[in-house]
Amino acid sequence: MLLTGAWTPTLAGLRPAARRWAAAAGGQRRVFARWRRGRPFRAGVFLLLSAVAIAVPPYATFRLGDAVISIRTLGGVSALLIGALMAICGLSLWVRPQYRIAAGTTAALLSLVALVTSNLGGFLVGTLSGLIGSALALAWTDRPRAGQGAAGQRWWRSVPGAPGEH
């Protein structure tokens with residue numbers, strides 16, 4: 001019965017306190033979803049992931065049994081600077097989405113510079129996620145898709161003589 005879709009959860013079976021909490025959480029999720037749709041959210045996530053992947057390895061110390069592996073290089077300074085700038089680009093996409101072109105271009109250039117200057121750009125993870133995030137930032141737009149009208153109808157239904165028109 002659960003798999004057929006006949007059962008739908010409702011707030012009626014909950015206690016009053018839990019019902020209020022669930023309603024408030026649902027409202028917060030809607031607010032967050034609306035905020036997220038108004039900006040290149042996934043691009044910012046990729047750029048923040050890239051910042052961490054680039055900035056952390058030069059300062060990390062790993063223990064394998066009794067052996068201590070420490071990666072200390074001169075690239076640590078550039079990794080910290082590039083990681084901080086990538087984080088600023090990612091956060092600026094969330095705070096000011098109208099600057100997405102500048103932030104995306106800067107992030108793409110920083111990702112490519114990190115490939116050369118800081119441990120292969122965070123062992124390629126930082127560079128690749130930075131390039132993906134900058135591509136998402138440059139491709140993002142806040143305009144609705146051209147294929148759907150205001151009422152959600154397909155564009156070919158408004159064309160005279162289109163298939164499906166009677």
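Tutor: Helices are DSSP runs of H or I with at least four residues, numbered from the N terminus. The model discussed here is a predicted one.

Student: How many helices and strands are there in the protein, and in what order do the elements run?

Tutor: The protein has six helices and two strands. Starting at the N terminus, the order is α-α-β-β-α-α-α-α. Of its 166 residues, 29% count as buried. Contacts can also be sorted by separation along the sequence: among those between residues at least 6 apart, 61% join residues at least 24 apart.

Student: What span should helix α4 have, and how far apart are its end C-alpha atoms?

Tutor: Helix α4 comprises 18 residues, 100-117, and at 1.5 Å a residue it should span 26 Å; the C-alpha atoms at its ends are 25 Å apart, which agrees. N119, which follows α4, has a positive phi, near 50 degrees.

Student: Which residues of α4 are buried?

Tutor: A residue is called buried when its relative accessible area is under 20%, and exposed when that value is over 50%. In α4 the buried residues are R100, A103, G104, A107, A108, L110, S111 and A114. Viewed down the helix axis, these buried residues fall within an arc of 170 degrees, so they line one face of α4. L109 and V116, on the other side of α4, are exposed.

Student: Against which elements do the buried residues of α4 pack?

Tutor: Their partners are α2 (41-55), α3 (75-95), α5 (119-123) and α6 (125-139).

Student: How should the packing of α4 with α6 be read?

Tutor: Two packed helices are described by the angle between their axes and by the distance between those axes. For α4 and α6, the axes come within 8 Å and cross at roughly 165 degrees. Angles over 145 degrees count as roughly antiparallel, and α4 and α6 are therefore roughly antiparallel to each other. The crossing of α4 past α6 is left-handed. On the α4 side the residues that meet α6 include R100, G104, A108 and S111, and among those they meet in α6 are G130, S134 and A137.

Student: At what angle do α2 and α3 pack, and how far apart are their axes?

Tutor: The angle is about 165 degrees, and the axes lie 8 Å apart. That makes α2 roughly antiparallel to α3. Here too the handedness can be stated: α2 passes α3 in a left-handed crossing. The contact involves F41, G44, L48 and A51 of α2, among others, and residues of α3 including I82, G83, M86 and G90.

Student: Where do the buried residues of α3 lie around its axis?

Tutor: The length may be checked beforehand: α3 has 21 residues and reaches 30 Å from its first C-alpha to its last, close to the 30 Å expected at 1.5 Å a residue. Its buried residues are G75, G76, A79, I82, G83, M86, C89, G90, L93 and W94. They cover an arc of only 145 degrees around the axis, which puts them on the same side of α3. The face turned away from that buried side carries the exposed residues V77, L81, I88 and V95.

Student: How does S92 count, buried, partly exposed or exposed?

Tutor: S92, a residue of helix α3, counts as partly exposed at 23% relative accessibility. Leaving aside residues up to four places away in sequence, S92 touches P97 and A103. Its C-alpha atom is 9.9 Å from that of A102, which is 10 residues away along the chain.

Terms used. Residues numbered from 1 in each chain as written. Predicted model: local features only at pLDDT ≥ 70, side-chain atom pairs only at ≥ 80, totals over all residues. Heavy atoms only, no water. Expected span 1.5 Å × (residues − 1). Buried < 20%, exposed > 50% of the residue type's maximum accessible area, 1.4 Å probe, protein only. Arc of directions from axis to C-beta. Contact = heavy atoms within 4.5 Å. Axes fitted to C-alpha atoms, helices over the stretch in contact; angles between N-to-C directions. Parallel < 35°, antiparallel > 145°, perpendicular 65-115°, else oblique. Left-handed = near helix turned anticlockwise from the far one by under 90°.
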